[in-house]
There are 2 protein chains.
Amino acid sequence: MSELRKDIIGGRWVIIAIERSKRPDDFRPAQETQKNESQKFCPFCEGNEIKTPPEVFAIRRKGSKPDQPGWLVRVVPNKFPALSPGLTPKIEKSEDGLFFRMEGIGVHEVIIESPNHKGELADFRLNHLEKIIDTYQNRMLEIQKEKQYKYLHLFKNKGREAGASLSHPHSQLVATPIVPKRILEELRSSSQFKERFGQCIFCRLIEEELKKGERLVYQNDHFCVLTPFAPRFPFELRLYPKGHSTWFSEITEIEKKSLAQALKTVLVRLKKILSDPPYNFYIHQGPNPHSIGDCPNGVEHYYHWHLEIIPILTKAAGFEWGTGFYINPVSPETAAAFLRPKS
Amino acid sequence: MSELRKDIIGGRWVIIAIERSKRPDDFRPAQETQKNESQKFCPFCEGNEIKTPPEVFAIRRKGSKPDQPGWLVRVVPNKFPALSPGLTPKIEKSEDGLFFRMEGIGVHEVIIESPNHKGELADFRLNHLEKIIDTYQNRMLEIQKEKQYKYLHLFKNKGREAGASLSHPHSQLVATPIVPKRILEELRSSSQFKERFGQCIFCRLIEEELKKGERLVYQNDHFCVLTPFAPRFPFELRLYPKGHSTWFSEITEIEKKSLAQALKTVLVRLKKILSDPPYNFYIHQGPNPHSIGDCPNGVEHYYHWHLEIIPILTKAAGFEWGTGFYINPVSPETAAAFLRPKS
């Protein structure tokens with residue numbers, strides 16, 4: 001089992017994923033290993049179901065059977081999980097008070113977005129995107145029943161430069177035994193704003209941004225896509241539900257259609273304008289609703305879920321890693337103007 | 001002039017470097033632009049002094065003149081600076097209270113580590129490394145006189161994968177008008193520990209780590225090199241001065257020799273064991289000693305400077321960007337065992 005460790009000076013937990021442990025040699029051919037990846041055997045392709053752990057969920061054609069062909073979206077546990085199922089772990093503190101550890105319990109699943117190796121979210125039909133969104137919701141509703149999992153993080157790495165180790169279209173869902181630092185920071189800001197001004201800071205921001213328009217990329221009935229005022233990276237994007245909602249798992253049927261439309265529109269724009277860049281996206285949401293009251297330091301669950309997209313165009317380097325401060329060569333107003341669909 | 005903007009939800013400032021602004025097309029050939037970089041004209045090579053802004057410091061052979069050949073280490077302002085000199089800026093808050101901006105004042109210098117295009121820190125002789133360390137100190141002592149520069153960040157990006165845009169050996173020094181978030185977080189932890197236990201948390205940690213030995217990579221009279229207990233990345237390293245010191249600029253002549261020896265030893269080990277990986281390193285130190293009292297939220301200047309090295313072997317991806325939580329496939333004890341010079 002992997003282990004969580006705390007950097008008490010930086011205030012950050014890390015996961016030491018022992019099962020994945022490697023020798024220095026394993027890092028050498030990093031640039032080359034995936035060159036011919038498209039010709040290699042792919043465990044995520046239809047017909048190779050036996051090469052993954054048994055599926056935990058799938059959207060299938062009528063009559064098809066689990067772990068057999070006939071699926072449209074399929075969810076399996078990660079074969080090399082960063083975290084593994086277990087009960088609430090205790091924090092072990094060393095005698096000298098300097099070293100904190102915790103068992104690496106959690107969930108690590110792979111959402112295989114399509115039976116076909118080629119293709120990607122931007123190319124899928126809207127009704128297929130809706131099925132993927134549906135799958136995200138389904139897995140979250142299931143996993144969050146276990147209250148030892150304090151936070152559910154859904155993310156996608158597209159392309160080798162974005163950290164994807166397999167090119168078959170997929171996203172990942174990780175449930176962690178603590179609420180991550182970045183989420184805690186945002187929860188603190190949004191809870192404080194709510195207390196002071198009686199309003200959700202995200203709702204307020206969306207209202208202002210829709211009025212201003214200079215950072216608006218796209219909107220439909222239920223979603224809007226903005227470049228954030230203070231983006232870390234060029235062409236960074238945020239998709240917000242216009243209505244207040246803390247958790248992604250609360251998404252309604254009509255909102256799913258609206259989200260599929262918004263996501264498709266901006267992914268197609270990114271692909272076109274930036275020549276098919278690698279990207280990461282992830283959902284930010286409130287901590288597990290079933291573990292309410294477990295948040296440290298009186299942080300509340302007041303939040304407004306959203307999806308953040310980072311195209312990989314520049315690299316974080318010694319300045320960013322050292323300071324947590326980012327240099328971005330493109331203003332969000334310029335980025336929004338480029339990405340806004342021409343009317 | 002570039003602009004600082006604050007993400008009020010994430011609590012993070014970013015620099016929108018307008019002078020560097022690019023069109024989407026500029027991002028396309030990212031993978032290719034540097035392929036033949038070694039054949040291209042290099043403004044940092046000896047003989048090309050006229051192609052950089054005038055030097056602000058150099059260690060030169062006797063009789064050679066500024067901005068002429070004959071130097072060993074040379075410092076010039078960055079031609080495309082992220083921040084530019086100026087007086088203390090005011091924070092401008094928008095009427096709705098959501099958007100905070102500040103003029104991007106600061107310093108951005110390039111330390112050209114050698115007149116020769118080829119070669120790198122790991123290859124340099126110890127007395128050349130001492131000259132580079134000497135140059136770092138010299139520039140810091142000069143820049144920190146201006147108290148509007150609240151923090152001085154020295155860093156190095158080696159290799160394209162580590163964010164270097166030119167391969168000629170160089171490091172960079174950036175002075176910022178605010179104390180960066182990551183430094184503030186560490187200042188808070190170390191000030192709190194001092195208050196509670198009457199001791200420097202770094203001094204305490206070094207004491208324990210030297211006793212334990214399992215994460216110790218190297219030590220000499222004045223420095224030790226450790227893999228941190230909770231590293232974000234495989235083979236991440238920290239170089240600590242054994243004696244307590246808040247600022248790098250306080251380094252003594254004898255410590256410079258000791259640091260050169262420690263740095264050379266571990267860079268040579270990294271190069272050998274990990275096949276010459278790209279890397280970032282940076283110095284963490286207390287805020288500008290001339291701006292004491294300007295720190296927000298009563299944060300003190302209690303700190304212990306050190307140097308952090310991150311070999312680029314894995315990529316931060318959707319999990320890391322979204323959560324600030326890291327998955328590391330190599331334990332620091334394993335990494336230290338590989339990097340420890342065999343006796």
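## Helix 4 of chain B

Start with a quick length check on helix 4 of chain B in this predicted model. Its 21 residues, at 1.5 Å a residue, should span 30 Å, and the end C-alpha atoms are 31 Å apart, so the two values agree. The buried residues of this helix are Ser258(B), Leu259(B), Ala260(B), Ala262(B), Leu263(B), Thr265(B), Val266(B), Leu267(B), Arg269(B) and Leu270(B). Note that Arg269(B) sits in that buried list, and so do Ser258(B) and Thr265(B).

## Ser275 in both chains

What follows helix 4 of chain B? There you find Ser275(B), with a positive phi near 55°. This residue is not a glycine, yet its phi is positive. Ser275(B) belongs to the loop that links helix 4 (253-273) and strand 13 (279-284) of chain B. Since 14 other C-beta atoms lie within 10 Å, Ser275(B) comes out as partly exposed.

Over in chain A, Ser275(A) also has phi near 55°, again a positive value in a residue other than glycine. Ser275(A) is placed in the loop between helix 4 (253-273) and strand 13 (279-284) of chain A. It counts as partly exposed because it has 13 C-beta neighbours inside 10 Å.

## How the two chains relate

Superposing chain B on chain A takes a rotation of 180° with 0.0 Å of shift along the axis, and the RMSD is 0.0 Å. That is what a two-fold axis does. Which C-alpha of chain B is nearest the axis? That of Ala316(B), at 4.6 Å from it. Both copies use the same surface, with 100% of the contact residues of chain B recurring in chain A.

As for the contact itself, 79 residues of chain B touch 79 residues of chain A. On the chain B side, helix 2 (residues 181-197) gives the most, with seven residues. Sorted by class, that side has 42 nonpolar, 19 polar and 18 charged residues.

## A sheet that crosses the interface

One open sheet takes strands from both chains: five strands in the order 5(A)-6(A)-1(A)-2(A)-15(B), with mixed pairing. Which strands sit at the edges? Strand 5 (92-93) of chain A and strand 15 of chain B, each of which pairs on one side only.

At the chain A edge, strand 5 runs antiparallel to strand 6 (residues 100-103) of chain A, and two bridges join them. Here Lys93(A) is opposite Phe100(A) in strand 6. At the other edge, strand 2 of chain A and strand 15 (residues 326-328) of chain B run parallel and are joined by three bridges. In that pairing between chains, Ile16(A) stands opposite Asn328(B).

## Pro43 in chain A

Strand 2 leads on to another spot worth a look. Pro43(A) is in the loop between strand 2 (12-16) and strand 3 (57-60) of chain A. Is Pro43(A) buried, exposed or partly exposed? With 17 C-beta neighbours inside 10 Å, this proline counts as partly exposed.

Setting aside neighbours within four places in sequence, Pro43(A) is in contact with Asn48(A), Lys51(A) and Thr52(A). There is also a link to a distant part of the sequence to check: His117(A) is 74 residues away from Pro43(A) along the chain, while their C-alpha atoms are separated by 9.9 Å.

Notes: Residues numbered from 1 in each chain as written. Chains lettered and ligands numbered in written order. Predicted model: local features only at pLDDT ≥ 70, side-chain atom pairs only at ≥ 80, totals over all residues. Helix = DSSP H or I, 4+ residues; strand = E, 2+ residues; numbered from the N terminus. Buried ≥ 20, exposed ≤ 12 C-beta atoms within 10 Å, placed from the backbone. Contact = placed C-beta atoms within 7 Å. Least-squares fit on C-alpha atoms with pLDDT ≥ 70 in both. Nonpolar A, V, L, I, M, F, W, Y, C, P; charged D, E, K, R; others polar. Pairing = 2+ DSSP bridges. Expected span 1.5 Å × (residues − 1).
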